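Hi,

Here is the structure I promised to pass on. My notes on what turned up follow right below, so have it open while you read.

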Amino acid sequence: MLAAAALVTAAALGAGCSDASGSAAPPDIEMMRTLGTPEGRLDLVAWTGYAEDGSSDRKVDWVTPFTKATGCRVHTKVADTSDAMVALMRTGRYDGVSASGDASLRLVYGGLVAPVNTGLLSNYDDIAAYLKNQPYNSVNGQMYGVPHGYGANMLMYRTDKIPQRPTSWSVVWDEDSPAAGHVVAYDSPIYIADAALYLKTHRPDLKIKDVYALDEKQFQAAVDLLKRQRPNVNQYWSNYLDELQSFKSGYNYAGTAWQVTANLALAEKAPVATTIPQEGATGWSDTWMISSKAQHPTCMYKWMNWITTPKVQAEVAQWFGEAPANPKACRYTEKGFCSTYHVGDPEFYRRLAFWKTPAKDCGDDRGDKCVPYDRWAQAWTQIKG
């Protein structure tokens, strides 16, 4: 547990609850006040490519320099899905996690992560302002982590199968689309929000404002759309490398993808392109969060500071294929990289609906009439069949 001398109660957060069900405040978890002596070890749960130690590529290593600088030996458990990350953090065996927005509030309201003292992070002021104090990484003005990297869930398509750039997501939703039978979709309950995003424009009668805050009528409309789409989907992916292979082989014609997938496909001469259609897109912004049961809290804070330094941000961003949270990273990236990922372009990212854990509390005058994440998970199982 965190040393008592190094903690301060996040009293402003008030009494808590057990999950992201919509309570006003998460559990009252203590927050680091000062750093201690590095404990010599750090146990992380992370996305593939977020904690590279040279084992994937000898030239790709920001873990070894971190260990040399801090004495903290890093042990990483890779997780392929947000649900897996939440499950691993429940074990209490890990000091921190690189959580996406569809997991972060579950971790916060479940009491699995602690509020973060951003004053202990020397690089925090350099983080892009539009990534701070967001609904997916903070509660009542209190940050629960440090932003790491972010990106759009773009529409990728084969230009030999769909020669004209699609202007709408209808290419993946319409039953008679030229991509019918060759549509690819992200394999997660949070993909229900992509259906809601489409309906937000094409079913104004539903009055959808927040694609992660759906009442019963809105939620059912999104689920029905996904069920109608199901016969046209040939692949649900959670590992982008699986999607990459299917696009390269011509098995996929169109669907949700990350920019890194497109970059790899283009590098291997696959005829693909990406776009953000007129409806906008969903997106993800990852946050490094510290466990409320961290055995090595000082090492975790050292890591959160290390991973947000400009040079390391550049290394991670270029290896994984994402926008770095710290715009100063652009000094160290290849020419054109930051323009490709729209770094420092808040207008681009205002077109995105970043993943957020669905909760009962709609966040508006509807009160607790929205469908929480556990219902999204149940529905997703039914949709896939």
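Met156 of strand β9 sits across from Thr274 in β13, where helices (H or I, at least four residues) and strands (E, at least two) are DSSP runs numbered from the N terminus. Before I go on: this is a predicted model, so local features need pLDDT of at least 70 and side-chain atom pairs count only at pLDDT 80 or more, while totals for chains, interfaces and linings use all residues. Residues are numbered from 1 along each chain as its sequence is written, and side-chain values use heavy atoms, with hydrogens and water left out.

Back to β9. This strand covers residues 154-158 and pairs with β13 in the antiparallel sense over four bridges; two strands count as paired if DSSP finds at least two bridges between them. Another partner pair here is Arg158 with Val272 in β13. β9 also runs antiparallel to β12, again joined by four bridges, and there Met154 faces Ala257. In general, strands of a sheet pair through backbone hydrogen bonds, either parallel or antiparallel.

How many of the residues in β9 are buried? Five of five, with buried meaning under 20% relative accessible area, exposed over 50% and partly exposed in between (1.4 Å probe, protein chains only). Met154, Met156 and Arg158 point one way from the strand, Leu155 and Tyr157 the other.

Zooming out, the sheet is open and has five strands in the order β11-β10-β12-β9-β13, with mixed pairing. Its edges are β11 (233-237) and β13 (272-275), each of which pairs on one side only. Neighbouring strands are turned by 30° against each other on average, direction ignored. For angles in general, axes are lines fitted to C-alpha atoms (for helices over the stretch in contact), and values run from 0 to 180 degrees between N-to-C directions. Helix α8 (residues 259-267) packs on this sheet and touches β9, β12 (254-257) and β13, its direction making about 155° with that of β13. Contact here means heavy atoms within 4.5 Å.

Two residues you may want to click on:

- Thr275 is in strand β13 and is buried, at 11% relative accessible area. Leaving out residues up to four places away in sequence, Thr275 touches Met154, Leu155, Tyr157, Arg165 and Pro166.
- Val371 is in the loop between β16 (352-354) and α13, and is buried at 1% relative accessible area. With the sequence neighbours up to four places away not counted, Val371 touches Leu214, Asp215, Glu216, Phe219, Pro358, Ala359 and Trp376. The C-alpha atoms of Val371 and Tyr212 are 8.9 Å apart, with the two positions 159 residues apart along the chain.

Now the charges. There are 13 salt bridges in the structure, each being a side-chain nitrogen of Lys or Arg within 4 Å of a carboxyl oxygen of Asp or Glu. Among them:

- Asp83 with Arg106, the closest N and O atoms being 2.9 Å apart. The pair links distant parts of the chain, helix α2 (residues 82-90) and helix α3 (residues 101-109), 23 residues apart. Asp83 is partly exposed at 34%, whereas Arg106 is buried at 14%.
- Lys384 with Asp187, at 2.8 Å from N to O. Lys384 lies in helix α13 (residues 373-384) and Asp187 in the loop between β10 (183-186) and α5 (192-202), so this pair ties together parts that are 197 residues apart in sequence. Both are partly exposed, Lys384 at 28% and Asp187 at 22%.
- Arg350 with Glu347, where the closest N and O atoms are 2.4 Å apart. Arg350 and Glu347 are both exposed.

In addition, Asp215, Asp364 and Arg366 are joined into one network by salt bridges that share partners.

Finally, the whole chain. The secondary structure comes to 13 helices and 16 strands. The radius of gyration (over C-alpha atoms) is 21 Å, close to the 21 Å that the globule rule gives for 385 residues, so the chain is as compact as a globular protein of that length; the rule is 2.2 Å times the number of residues to the power 0.38. The C-alpha trace spans about 65 × 50 × 35 Å along its principal axes. Buried residues make up 59% of the 385.

Cheers
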